[in-house]
Amino acid sequence: MVLSTIVKSIEYMLKRPYTRLVPAKSRPFKTERLRGAHLLDMSKCTGCSMCQLVCPANAIDMVEVEGNYPQNPRRRFPRIDLHKCTYCGLCVEYCPFNALYMTSITGFELYTRDKKTTLKTPLELSKVDPSLITVRREMLAVKEVKPGG
Amino acid sequence: MAGSYTVYFGPQHPGAPGNIGFKLELEGERVVKAELIPGFLHRGFEKMIENRKWENSYVLSYRFCVEDPDSLEVAYAEALDKVFRVEPPEKARYFRMIQAEFSRIASHMFWVHFMAGSTGLRTPAYWASAAREEILKWFAWVTGHRVYHNFSVPGGIRGEVPEGFGERTTQLTYLVEDIVKDVEKALLGNRVFKRRTRGVGVIKGDVALKLGATGPVVRGGGLKYDTRKIAPYERYDKVSFEIPVGEVGDSYDRALVRFREVYESLKIIRQAVLEVRRGEPYRVKVPLTAPPGRGYARVEAARGEYTVHVVSTGGRSPYRVRFKSPSLPLLTTVLNYILENEEVTIADLPVIFASLDPCAPDIDR
């Protein structure tokens with residue numbers, strides 16, 4: 001029995017390792033629908049505060065932004081604290097105007113000791129690369145509306 | 001002759017089951033009594049859930065057991081289904097089963113680390129990690145997250161399953177089975193493991209059940225007690241599977257039952273995956289305010305039976321949420337029963353802890 005375990009151990013040793021050195025040698029594990037840091041579309045957001053209301057971690061607060069936004073006369077947009085965020089995606093799911101998205105930015109890119117850098121202002125959230133978007137509202141919204149299954 | 005004395009064991013001890021302490025009464029090397037010192041991880045989860053609204057309360061419902069979160073997620077979702085009086089679509093029911101079973105396997109593979117570590121056999125534990133890693137990758141692919149998936153919600157599941165779901169899930173079950181077979185052979189077949197676990201921590205199934213325990217501890221003692229069979233939830237009544245049981249009820253039998261359970265879980269997943277098809281409805285919309293009433297769910301998690309009781313008075317938040325966890329009786333009544341009826345030394349204690357497999361945050365909440 002011990003011999004067979006040793007043979008098996010050698011087999012496993014020859015296989016590709018499961019552990020990966022992040023970030024030194026490889027990137028964090030990404031998938032197509034990974035729920036990572038947010039992207040805000042400031043041309044759609046009306047400042048309705050739905051994301052703030054639904055956030056279970058109280059990571060979102062609404063702040064005023066300079067500029068001209070016809071759909072958002074009070075110019076109030078969400079500011080997200082990525083240190084508090086649990087990445088549950090409820091803000092994306094409940095946003096009535098499809099203004100919030102989630103991207104594949106996660107892992108060591110967010111890790112920092114300086115909490116000021118993870119408190120993302122609306123302008124910072126809107127400057128994220130749209131090609132990284134992974135989660136949209138259509139993916140989470142309810143298709144079947146009638147109760148009863 | 002050695003005298004009797006008191007020793008504190010844990011919370012920072014490699015043999016302690018998580019962040020939890022014990023006050024041990026010793027006579028020489030023999031442990032006579034163990035008094036549990038819980039509370040290091042207490043956060044008031046039930047109150048936190050009660051202070052949140054229906055739509056975001058479930059984000060907290062599974063966060064107190066890292067190893068097996070999905071059974072809790074399914075339990076809370078099922079309790080809320082009863083509160084809202086909605087019937088989730090069939091696809092969601094079957095998906096929840098797959099989710100819970102994969103979570104059980106991942107939890108058992110994590111347990112191999114504790115069991116193997118307490119008996120000094122580190123190698124198979126790393127192979128078990130490979131199986132767990134493959135399952136976590138599958139979870140990241142389907143739900144978007146590795147550990148806390150947040151996918152079973154009141155009214156169904158949160159999103160459509162990705163393309164190629166059936167093939168990849170079935171492939172994964174065969175891959176995991178291969179690894180688990182290797183781990184089982186290396187761990188249970190090892191002479192050192194047998195000597196360390198046979199006849200250590202004996203408790204019969206019916207005694208364990210009377211003392212409040214559920215799960216592999218009861219089944220290891222030879223009693224066929226499984227919530228999935230005696231009170232089927234989701235669609236466990238539509239799939240065929242066996243309940244593996246042990247004979248003696250010692251630590252070896254409990255380990256054996258856990259490995260057998262993994263094979264049964266894989267069998268359930270292979271049957272359930274046929275019913276999860278893309279394009280079918282997966283979620284029913286639930287209102288923002290729940291009608292007055294109660295919701296009660298029992299699920300068979302990796303460590304035993306979880307029960308969730310939710311009371312609604314018709315408001316925007318739950319009035320009362322209560323979780324009953326399977327881990328507390330394991331470290332209080334069951335452990336003291338073993339210590340009273342058997343000569344347990346300090347060296348055997350980590351083996352007994354690992355074979356009972358309690359979850360410390362689950363006790364404290």
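**Exercise 1. Describe the pairing of strand 2 and strand 3 of chain A, and place both strands in their sheet.**

Solution. Strand 2 of chain A runs antiparallel to strand 3 (residues 76-81) of chain A, and the two are joined over 5 bridges. Strands (E, at least two residues) and helices (H or I, at least four) are DSSP runs, numbered from the N terminus; two strands pair if DSSP finds at least two bridges between them. Within this pairing, A:Met62 stands opposite A:Pro78 of strand 3 of chain A. The next step is the sheet: 3 strands of chain A form an open sheet with antiparallel pairing, in the order 2-3-5. Strand 2 (60-64) and strand 5 (119-120) of chain A are its edge strands, as each pairs on one side only.

The model is a predicted one, in which local features need pLDDT of at least 70 and side-chain atom pairs count only at pLDDT 80 or more, while totals for chains, interfaces and linings use all residues. Residues are numbered from 1 along each chain as its sequence is written, chains are lettered from A and ligands numbered from 1 in the order in which they are written, and side-chain values use heavy atoms, with hydrogens and water left out.

**Exercise 2. Determine which residues of helix 1 of chain A are buried, and what they pack against.**

Solution. Begin with the geometry. Helix 1 of chain A covers residues 2-14, 13 residues in total, and reaches 19 Å from its first C-alpha to its last, close to the 18 Å expected at 1.5 Å a residue. The expected span is 1.5 Å times one less than the number of residues. Next, the buried residues (under 20% relative accessible area; exposed is over 50%, partly exposed in between; 1.4 Å probe, protein chains only) are A:Thr5, A:Ser9 and A:Tyr12. Viewed down the axis of helix 1 of chain A, these buried residues fall within an arc of 65°, so they line one face of the helix; the arc is that of the directions from the helix axis to the C-beta atoms. On the other side of the helix, A:Leu3 and A:Leu14 are exposed. Finally, the buried residues of helix 1 of chain A pack against helix 5 (123-143) and helix 6 (165-188) of chain B, where contact means heavy atoms within 4.5 Å.

**Exercise 3. Characterise the environment of A:Ala99 and of A:Ser49.**

Solution. A:Ala99 lies in the loop between helix 3 (90-94) and strand 4 (100-103) of chain A. With a relative accessible area of 1%, A:Ala99 is buried. Leaving aside residues up to four places away in sequence, A:Ala99 touches A:Leu39, A:Leu40, A:Asp41, A:Lys44 and A:Cys45. A:Ala99 and A:Cys45 are 54 residues apart in sequence, with 5.3 Å between their C-alpha atoms.

A:Ser49 belongs to the loop between strand 1 (38-40) and helix 2 (50-54) of chain A. A:Ser49 is not a glycine, although its phi is positive, about 70°. A:Ser49 is buried, with a relative accessible area of 13%.

**Exercise 4. Assess the overall form of chain B.**

Solution. The secondary structure of chain B comprises 14 helices and 8 strands. Its radius of gyration is 21 Å, close to the 21 Å given by the globule rule for 365 residues, so chain B is as compact as a globular protein of that length. This radius is taken over C-alpha atoms, and the rule is 2.2 Å times the number of residues to the power 0.38. The C-alpha trace of chain B spans about 70 × 45 × 30 Å along its principal axes. Of the 365 residues in chain B, 63% are buried.

**Exercise 5. Examine helix 4 of chain B, and then the hairpin of strands 2 and 3.**

Solution. The 30 residues of helix 4 (residues 90-119) of chain B should span 44 Å at 1.5 Å a residue, and its end C-alpha atoms are 44 Å apart, which agrees. Of these 30 residues, 26 are buried, so helix 4 of chain B is largely enclosed by the rest of the structure. Just after the helix, B:Gly120 takes a positive phi of about 85°.

For the hairpin, strand 2 (residues 21-27) and strand 3 (residues 30-37) of chain B pair in the antiparallel sense over 7 bridges. B:Phe22 stands opposite B:Leu36. There are 2 residues between the strands, and B:Gly28 in the turn has a positive phi of about 65°.
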